[in-house]
Amino acid sequence: MISRKAALPRPTDTSGGKKRARKAAKKPPPYVYGPIPDDTFGAASAPPLPKGPQAPHLIPTVRFAHLINNPDVYSAAATLPGSSPVGRRPHHPPVVYLIFLCSISIFGSARSTASHFQHEDWWEPVRAAIRTHMGDEAADALKPAGPTRSNWNHYFRRHLKPAHDKIRDISSKLWIEQALAHGMLSETGKRTSRVRPERQQVIHGDATVAKPQSGHSAHKTVDKKTGEVRHHRVHEDAGVTVEGGGNLVYGNKFLSTAVRLADTAHSRVILALESVRHRSPEDDPQRESEGIALVEMVKRIIARAPGTKAVTYDAALRGKHRAPLISQGLLVFTPQHDGLTPQSLLRHKEGPCAHDLYVAEARVCERRITVDGKTTHYTPLPVEELEHREGKSSTRFYHRITINCPVKTHTLHIRCDETDEDRQIDPKTKKQRFNRTEHLRQVPPDTPAGRRLKGFRQDSESIHSRFDQSYPHKRVPAYGARGALLIYLGYAWLNNSITRALNAIFS
């Protein structure tokens, strides 16, 4: 039997000693773009922001102690499925298996975790922590040693996987409460500009493709030389995804969002995780695409944390995804897509003056054409302020721009959010008249304020990098998208337990 995935292209292997082909140089645009003005987004002469402190290394014993002493772990375990009157009964209470799940990200695999839990140096601290958080009766009822690998495989397969969505939701709820307790995603007394929100008020997110345990996409392969038939275990939910730069990667795609304190090591709180679709809706109807999943995830977060000011993401978030988040009152920052052409915005006429305004490279510009008609110039206009106006059902954002005309200085307010006119369908093209949030940004990327927000998003790359490095050969030790998501949830619990232990909690 040959799996459908056998026909999928495999990730490109660049480790064979061959030099990578150089990427073709970007073709210059067919117009001249003027200098970026100094305005509310910052000045070109502004010094770069200082780097934050380096996080000290934590040994496994310390990380394990922070995990088992996190009171939220015991709150989450109270919602896990327990013993059933039918079938094989679990050998340990649910809290032990949740601690086991999280500990896989410390020890690298379920096999290694089970071996550690058989030793009293690791099992006795678990018993002591359960005594502290659940009482003497629960601690005394524990077995002399922790779960074996057989115990774990049974509970993971029969109980945790079917309840993965419940575990995901209760975990996210507790993580958002933890972030609020640390003073994140909350209103502060400090007065700040809309374009420069405080670090702890900005959600950063990203998606990653995690390598499965098996890299095979076919259940059976035949050696062309010897004719030997080999059978393989295949990760049924994995597929090929194109990452940034055009690289093909094989695995499952996961979306994460997080927040952290400014200039504070070990202060990151992962807020939510989700497994997202990386194939066609026909092949994977149960999961949403990356952009849609992020929008829904952020909406759930801000419903519990209304102090959130901004969201940063990569170029996978397009204008149609940014629009609903902007209408919720958020500043949404992503890099600009290549290949976007300048779009006509309006013609401003006032007395003898006439100015053709276009959107080029994420901001409002004035278009001028040379006398011979051969060269088009786009001059970026300075933005005095990003204005914010709340309505009954949505929020509007405006760029207050100035046009330094020889006759007089003109001041205009340009909407940055999607308007009713934008949503209308053009009868000629059968498309939306103007995708405003795709072309015009609240904060243009190529500005000091834009580069600051882009730097915040890099923390998501660190999350995924540390997640990959937690397991041998950077392969998630579980089969299936649900199993891999549970492993990622365990990693997030470990990360947030460290944050809780090393940073102050406010009531």
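An open sheet of five strands turns up in this predicted model, with the strands in the order E1-E13-E12-E11-E10 and mixed pairing. Strands here are DSSP runs (E, at least two residues), and helices are DSSP runs too (H or I, at least four), both numbered from the N terminus. Two strands are taken to pair if DSSP finds at least two bridges between them. The edges of the sheet are strand E1 (32–33) and strand E10 (343–350), each of which pairs on one side only. In general, strands of a sheet pair through backbone hydrogen bonds, either parallel or antiparallel. E10 and strand E11 (residues 353–360) run antiparallel, joined by seven bridges. Along this pairing, Lys349 sits opposite Ala354 in E11.

Next comes the loop that follows E1. Pro48 lies between E1 and helix H1 (60–68). With 74% relative accessibility, Pro48 counts as exposed, because the cut-off for that label is over 50% relative accessible area (buried is under 20%, partly exposed in between; 1.4 Å probe, protein chains only). His278 is 230 residues from Pro48 along the chain, and the C-alpha atoms of the two are separated by 37 Å.

Helix H10 (residues 319–326) is another story: this helix is mostly covered, with six of its eight residues buried. The buried ones are Gly319, His321, Arg322, Ala323, Leu325 and Ile326. Their cover includes two helices, H9 (290–304) and H12 (436–439), along with strands E9 (331–333) and E15 (395–404).

Zooming out, the chain has 14 helices and 16 strands. Its C-alpha atoms fill a box of roughly 90 × 65 × 45 Å along the principal axes. Of the 507 residues, 50% are buried. Among contacts (heavy atoms within 4.5 Å) with a separation of 6 or more, 65% are between residues 24 or more positions apart. The accessible surface comes to about 26000 Å², and carbon and sulfur atoms own 50% of that area (Shrake-Rupley method, 1.4 Å probe). As for charge, the chain has 77 positive and 51 negative charges, whose mean positions are 4 Å apart. Lys and Arg count as positive and Asp and Glu as negative, while His and the chain ends are not counted; each charge is placed at NZ of Lys, CZ of Arg, CG of Asp or CD of Glu.

A word on the bookkeeping: residues are numbered from 1 along each chain as its sequence is written, and side-chain values use heavy atoms, with hydrogens and water left out. Since the model is predicted, local features need pLDDT of at least 70 and side-chain atom pairs count only at pLDDT 80 or more, whereas totals for chains, interfaces and linings use all residues.
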